[in-house]
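Student: I have a model open and would like to know how some of the terms used for it are justified. Can we go through them one at a time?

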Amino acid sequence: MPDGDTRWLAYMLATTFHETAATMQPVRETLAAGDTEAIARLDRAFAAGRLPMVRKPYWRPDAEGKSWLGRGFVQLTHRRNYEAMSRLTGVDLLARPERAMELDVATTILICGMASGSFTGRSLSDFFSAEREDWEGARAVINGSDRARLVGDYGRAFHGALVAARIEPGRAR
């Protein structure tokens, strides 16, 4: 976080809260216990028309038998994103995409990806700076404008809690 800007941390926490269905743990898309069940759930939702923004089922296993379904704190999807996060984290997610579920890997993906703009080309610095505070717009860092107001509200709540909990230097606890 640049200069200790708690808004960045608050928005990362808000994203995690939203993308993990409030578990605050790295999860698999659909909250399934395994890839096979997640793929089946996604296939059913796609067939029923409940995923209108999806043109091609990215979760279906590729020629190597690997699925690029959502995993972790940010629901990392698509092979190209796993490849980008492999470079950013130094963890070979192409060989083992399930590693995006490991706490330390999911945390690195969350922080580095949101700070650098690796997911969509937009980074937290585009929305939070000395001159700007855009809680709804920050959703573009992860997922366009999908649920932007809701995630922005979560971010404001987390920010309020972080500010309230801050211990001032020299102040007794």
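Tutor: Contact means heavy atoms within 4.5 Å. The model is a predicted one. By that cut-off, Trp8, Tyr11, Met12, Thr15 and Thr16 in α1 meet Leu110, Ile111, Met114 and Ala115 in α4. By class, this contact has seven nonpolar, two polar and no charged residues.

Student: Why are α1 and α4 called oblique to each other?

Tutor: Two packed helices are described by the angle between their axes and the distance between the axes. For α1 and α4 the angle is about 120 degrees, and the axes are 11 Å apart. Roughly perpendicular covers 65 to 115 degrees, and roughly antiparallel needs over 145. An angle of about 120 degrees fits neither range, so α1 and α4 are oblique.

Student: Which hand does the crossing of α1 and α4 have?

Tutor: The crossing of α1 and α4 is right-handed.

Student: What makes asparagine 81 buried?

Tutor: Buried means under 20% relative accessible area. Asparagine 81 has 13%, so asparagine 81 is buried. This residue lies in helix α3, residues 79–89. Leaving aside neighbours within four places in sequence, asparagine 81 is in contact with Leu76 and Phe119.

Student: Which residues touch the most other members of the largest nonpolar core?

Tutor: Leu93, Ile109 and Met114 do, out of 31 residues in that core. The elements giving two or more residues to this core are α1 (6–19), α3 and α4 (103–116). Not counting residues up to four places away in sequence, isoleucine 109 touches residues including Val74, Leu76, Met85 and Phe119.

Notes. Residues are numbered from 1 along each chain as its sequence is written. This is a predicted model: local features need pLDDT of at least 70, side-chain atom pairs count only at pLDDT 80 or more; totals for chains, interfaces and linings use all residues. Side-chain values use heavy atoms; hydrogens and water are left out. Helices (H or I, at least four residues) and strands (E, at least two) are DSSP runs, numbered from the N terminus. Buried means under 20% relative accessible area, exposed over 50%, partly exposed in between (1.4 Å probe, protein chains only). A nonpolar core is a set of buried Ala, Val, Leu, Ile, Met, Phe, Trp, Tyr and Cys residues joined through side-chain atoms within 4.5 Å. Axes are lines fitted to C-alpha atoms, for helices over the stretch in contact, and angles run from 0 to 180 degrees between N-to-C directions. Angles under 35 degrees count as roughly parallel, over 145 as roughly antiparallel, 65 to 115 as roughly perpendicular and the rest as oblique. A crossing is left-handed if the near helix is turned anticlockwise from the far one by less than a right angle, and right-handed if clockwise. Ala, Val, Leu, Ile, Met, Phe, Trp, Tyr, Cys and Pro count as nonpolar, Asp, Glu, Lys and Arg as charged, and the others, Gly among them, as polar.
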